[in-house]
Amino acid sequence: MSVKPFHMGWFMEFSPDEWNGPFGGGGSPWSGEFYVEMAQALERACFDLIMAADTLMVSEAYGGSMETYLKHALLVPQHDPAPLAALMASATSHLGIAITLSTMGYPPFLLARLCRTLDHISHGRFAWNIVTTAENHAAQNFGLDKLPDRQLRYDMADEYMELVCQLFDSWEPGAIVMDRETDVYADYKKVHPINYKGKFFSSRGPLNTAPSPYGRTVFLQAGGSPRGRTFAAKYADCIIAIGAGVEGMKSYRDDVLARAAEAGRNPNDIKVLFCVTPTLGDTEEEAQAKHQRMITNPSFIEQSLAFIAGITDIDFSKFDLDKELPHLTTNGEQGSLDMFAQWGSGKKLRQLVIEASGGLLASVELVGTPDKVAERMGEVMREVGGDGYLITSPSMKISRRYVSEITDELVPALQRRGLVRTKYTKTTLRDTLKEF
Ligand SMILES: Cc1cc2nc3c(=O)[nH]c(=O)nc-3n(C[C@H](O)[C@H](O)[C@H](O)COP(=O)(O)O)c2cc1C
């Protein structure tokens, strides 16, 4: 029976690798080489893309102190992913390279310029993960007293997107003529100011970069709240998400694709990738033992809680691990909080942490031999309806061993089942995502 393959991405950050383990890179990956090697490994395994997260703060949300974040290298140090994207692009030829850039952090003009520059450097393999930023501590690094509320953030982001897209279009495709006869590099009649004046942003334009032969930059987004989902559905080529189990994944995907159809888009143009953190072993027992060691480690529980605190601005050190959570709301990542808390499930906090598997990253539990995990990934995708997975490592710490387990053990098991690609047939990320 022939099956439809699914897409694979990897969600990482330009942060310390698994610095205190034997297969890390020593904890100072700042030259970028460790992650460039990782990108090459993912390309050998025919991944669609690697995606770098980004946040813009040193959090104090857990226990009102920076201690836990600095002690465990959690969300900090976090280096700028844009130069890393350029390095990864020049060391690969087919892998998509996505980075997170915040609409709060970048003026729209600079962001459009950076995206366009990376589109060219990567030959059409670059993508922007659009985030509005969700932490007060980050807002305070940009001259604000606190984060604007979610509604306003997304209203601003809508305007931001309109402006950025106009800047992308401010050069007509044939504007660069390079005519030696007439001594003309670019035809000024094909380059247009945009004179954008919005409520929040304005820009004269045109953009001062060369137009892209690859169309506009590929957009990733991860809206979780209803407003966030509408935003993702309107713009994203690829939506990255966490689903609470198969049902949660299916209902998220159905919902976000319905919103895309309402916005007049063809839902088939959008790929939804779900975060998972597989734990692999040579035998079932070995994989289970590894998983147990991880989830019962007190440092793992503390790191998970601090991570969730960091992205919700809620102090999770206050709650009893052996009780249910009170109902919580946040102006931060509400969608992620809802996914983590599984409201109404009656589960105790400890169980929620275990199920989130190192942050907020596991949509379904995948523990076992590569063959068993591959089989399960196929079943889940059939039930959910598509479109693929975003691999992450617990607490986002990466070791060469983990990368190799995924690329050299899990991926071949998936490939043997016809579940993922065995070669690239396209050169740009947009085409790679649309291949199936
Ligand atoms: C897989 C995934 C990756 C994300 N990466 C980032 C990131 O790097 N930086 C960031 O500020 N937010 C990131 N977010 C947060 C989302 O942009 C969004 O705020 C979150 O999913 C909550 O949705 P909401 O804003 O609709 O409540 C990520 C979310 C998910 C699910």
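**View 1. Ser-363 sits in the loop between helix 12 (349–356) and strand 13 (367–368).** This close-up, like those that follow, comes from a predicted model. Is Ser-363 buried or exposed? Ser-363 is buried, with a relative accessible area of 3%. Look at what its side chain does: the side chain of Ser-363 reaches the backbone nitrogen of Gly-243 at 3.0 Å. A polar atom of that side chain also lies 2.8 Å from the backbone oxygen of Cys-275. Leaving aside residues up to four places away in sequence, Ser-363 touches Ala-241, Ile-242, Gly-243, Ala-244, Gly-245, Met-249, Phe-274, Cys-275 and Val-276.

**View 2. Helix 12 has buried residues that other helices help to cover.** Just before the loop of Ser-363 comes helix 12. Its buried residues are worth finding one by one: Leu-349, Leu-352, Val-353, Ile-354 and Ala-356. Which helices help to cover them? The cover includes helix 9 (284–296), helix 10 (298–312) and helix 11 (334–341). As a reminder for reading any helix, an α-helix has 3.6 residues a turn, so residues three or four places apart point the same way.

**View 3. Helix 6 (residues 150–168) and helix 7 (residues 226–235) come within 10 Å of each other, axis to axis.** At what angle do the two axes cross? They cross at roughly 10°, and helix 6 and helix 7 are therefore roughly parallel to each other. On the helix 6 side, the residues that meet helix 7 are Gln-151, Tyr-154, Asp-155, Ala-157, Asp-158 and Met-161. Their partners in helix 7 are Arg-227, Gly-228, Phe-231, Lys-234 and Tyr-235. Sorted by class, this contact has 5 nonpolar, 2 polar and 4 charged residues.

**View 4. Helix 7 is mostly covered.** How many of its 10 residues are buried? The count is 7: Arg-227, Gly-228, Arg-229, Phe-231, Ala-232, Ala-233 and Tyr-235. Helix 6, met in the previous view, is one of the elements covering them. The cover also includes strand 4 (126–131), strand 9, strand 10 (238–241) and helix 8 (245–262).

**View 5. The largest nonpolar core has 85 residues.** Which residues have the most contacts inside this core? They are Met-8, Trp-10, Phe-47 and Trp-128. Helix 6 gives the largest share of the core, 8 residues. Phe-47 makes a good place to start exploring. Not counting residues up to four places away in sequence, Phe-47 touches Met-8, Gly-9, Trp-10, Leu-42, Leu-95, Ile-391, Ile-406, Thr-407, Val-411, Arg-421 and Tyr-424. Apart from this core lies another, of 34 residues, among them Leu-147, Ala-306, Phe-340 and Ile-354. You have already met Ile-354, as one of the buried residues of helix 12.

**View 6. Gly-24 lies in the loop between strand 1 (7–13) and helix 1 (33–44).** With a relative accessibility of 12%, Gly-24 counts as buried. Find Phe-34, 10 residues from Gly-24 along the chain: the C-alpha atoms of the two are separated by 8.9 Å. Phe-34 is also among the residues that Gly-24 touches, along with Asp-17, Glu-18, Ile-398, Ser-399 and Arg-400, not counting residues up to four places away in sequence.

**View 7. Two cis peptide bonds are found in loops, one at Pro-206 and one at Asp-387.** Most residues other than glycine have a negative phi, and most peptide bonds are trans. The bond from Gly-205 to Pro-206 is cis, with omega near -5°. Pro-206 belongs to the loop between strand 8 (202–203) and strand 9 (218–221). The bond from Gly-386 to Asp-387 is cis as well, with omega near 0°. Asp-387 has its place in the loop between helix 13 (370–384) and strand 14 (388–391).

**View 8. Ala-73 and Asn-195 each have a positive phi.** For Ala-73, phi is near 50°. Ala-73 is found in the loop between helix 2 (67–71) and helix 3 (81–90), and it is buried, with a relative accessible area of 7%. For Asn-195, phi is near 45°. Asn-195 is in the loop between strand 6 (184–186) and strand 7 (196–197). Is Asn-195 buried or exposed? Asn-195 is exposed, with a relative accessible area of 55%.

Key. Residues numbered from 1 in each chain as written. Predicted model: local features only at pLDDT ≥ 70, side-chain atom pairs only at ≥ 80, totals over all residues. Heavy atoms only, no water. Axes fitted to C-alpha atoms, helices over the stretch in contact; angles between N-to-C directions. Helix = DSSP H or I, 4+ residues; strand = E, 2+ residues; numbered from the N terminus. Parallel < 35°, antiparallel > 145°, perpendicular 65-115°, else oblique. Contact = heavy atoms within 4.5 Å. Nonpolar A, V, L, I, M, F, W, Y, C, P; charged D, E, K, R; others polar. Core = buried A, V, L, I, M, F, W, Y, C linked by side-chain atoms within 4.5 Å. Buried < 20%, exposed > 50% of the residue type's maximum accessible area, 1.4 Å probe, protein only. Polar contact = N/O pair within 3.5 Å; in protein donor to acceptor, adjacent residues only side chain to side chain.
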